[in-house]
Amino acid sequence: MKKIQMVDLRSQYDKIKVEADAAMQEVISQSAFINGPQVRLFADELEGYLNCRYVIPCGNGTDALQIAMMALNFKRGDEVIVPAFTYIAAVEVIALLGLKPVFVDVDADTFQIDISKIETVITAKTVAIVPVHLFGQCADMDAITKIAKKHSLKVIEDAAQSLGSIYTFPDKEKCQSGTIGDIGITSFFPTKTLGCFGDGGALFTNDHDLAEKMRMISSHGQKKKYHHHSVGINSRLDTIQAALLRVKLKYLDQYLQARNFVAEAYDKAFDDNPHISIPKRIAESTHVFHQYTIKLKGTDREEFSKYLASYGIPTMVYYPVPVHLQVGYQSYGHQVGDFPVSEKLCQEVISLPIHSEMEPEDLNHIIKTINTFFE
Ligand SMILES: *Cc1c(COP(=O)(O)O)cnc(C)c1O
């Protein structure tokens, strides 16, 4: 039997090998490694998939966040609101640009930024909210959009984990995650819902001027070769990655369906288990299950994960430490107790294997083993 993995990239590749190899080989034959035609073609196709006017490819998701915040002209000391329970990238970029991260606790059941707490931290210096669509479903974008409008704040959606998830507004308008705020970003890191074979990322916007600016910043601040209009960075999507992503984009909906199949099986298996709380679905959003993350109740997490490991089942803790308590971010002066929900989640959460290639027998093995642990 094949080893069970959190994400099975190899089996996914095997299924598209002929097409993927041909697409990458074509780039090598053409040898247009930087800004080859496939980069523009991929951006066009992703614009179509997302129904978004401008997709700007770049080097990775973290760069995308930086380009977004540079394009919005935030100044040193400006405050940007971010969830306390999240991946570090947005907070890191805020810090690097000399901005101030202002943390907000999250909802204990959906893991998304707690919209009831956002307005309590808004000050005259607040310039933006960065909702992170954690684990693959959208934060409450209707509420976030309204708060941003009321206080004239920008919204940068971190859709690195949620590419393909769809949010439905009360008026029934449906939007792809990442296309709702002023700017959205995503990552094509191999394990994301649309992953490439290395690093990659992109920015989304419907604003023409912002799109131009972000294109310029991602290319050394130049509009024309060797004419630099602003300080920029060097952040590009490799042509080889773009060629591969064009192939994989065609299968994205299939991949998301397969992830949902696994999630539904887990939901059904663990819904009645008093020791497990299954991830709560947000009614307004579809879920792409970048992670299937449960909370353990009255159970030793270490013991649980060791038990599963002994049966060949890997698990991961996303995330073990909330951002406000990370050692590198102590200068913002936070302490234990500041964001109790995030802190508690860091103790309770554990993510189970989920990916597009899960074999039914592996899924059954995981479910049975977990049920046996609680017997
Ligand atoms: C993966 C990820 C990023 C960063 O993407 P990279 O391409 O690795 O730089 C940013 N935010 C979130 C929430 C992520 O999961």
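Biologist: How do the residues of the shell around the ligand divide into nonpolar, polar and charged?

Modeller: In this predicted model, the shell comprises four nonpolar, six polar and two charged residues.

Biologist: Which residues surround the ligand?

Modeller: The ligand is surrounded by Asn-60, Gly-61, Thr-62, Tyr-87, Ala-89, Val-132, Asp-158, Ala-160, Gln-161, Ser-187, Lys-192 and Gly-200. Tyr counts as nonpolar here and Gly as polar.

Biologist: Which atom of the ligand lies 2.7 Å from a polar side-chain atom of Asp-158?

Modeller: A polar contact is a pair of N or O atoms within 3.5 Å. For Asp-158, the partner at 2.7 Å is a nitrogen atom of the ligand. Two further side chains face oxygen atoms: a polar atom of Gln-161 lies 2.8 Å from an oxygen atom of the ligand, and one of Ser-187 lies 2.7 Å from an oxygen atom of the ligand.

Biologist: How much of the ligand does the protein bury?

Modeller: The ligand taken alone exposes 380 Å², and the protein buries 93% of that area.

Biologist: Let us turn to the cysteines. How many disulfides does the structure hold?

Modeller: A disulfide is a covalent bond between the sulfur atoms of two cysteines. The structure holds zero disulfides. For Cys-58, the nearest cysteine sulfur belongs to Cys-196 and is 11 Å away, whereas a disulfide requires the two sulfur atoms to be within 2.5 Å.

Biologist: Is Cys-58 buried or exposed?

Modeller: Residues under 20% relative accessible area count as buried. Cys-58 is therefore buried, at 0% relative accessibility. Cys-346 is also buried, with a relative accessible area of 1%.

Key
Residues are numbered from 1 along each chain as its sequence is written. This is a predicted model: local features need pLDDT of at least 70, side-chain atom pairs count only at pLDDT 80 or more; totals for chains, interfaces and linings use all residues. Side-chain values use heavy atoms; hydrogens and water are left out. Buried means under 20% relative accessible area, exposed over 50%, partly exposed in between (1.4 Å probe, protein chains only). A residue is near a molecule or strand if one of its heavy atoms lies within 4 Å of it. A polar contact is a pair of N or O atoms within 3.5 Å; within protein, one must be able to donate a hydrogen and the other to accept it, and residues adjacent in sequence count only if both atoms are side-chain atoms. Accessible areas come from the Shrake-Rupley method with a 1.4 Å probe; for residues, only the protein chains shown count as cover.
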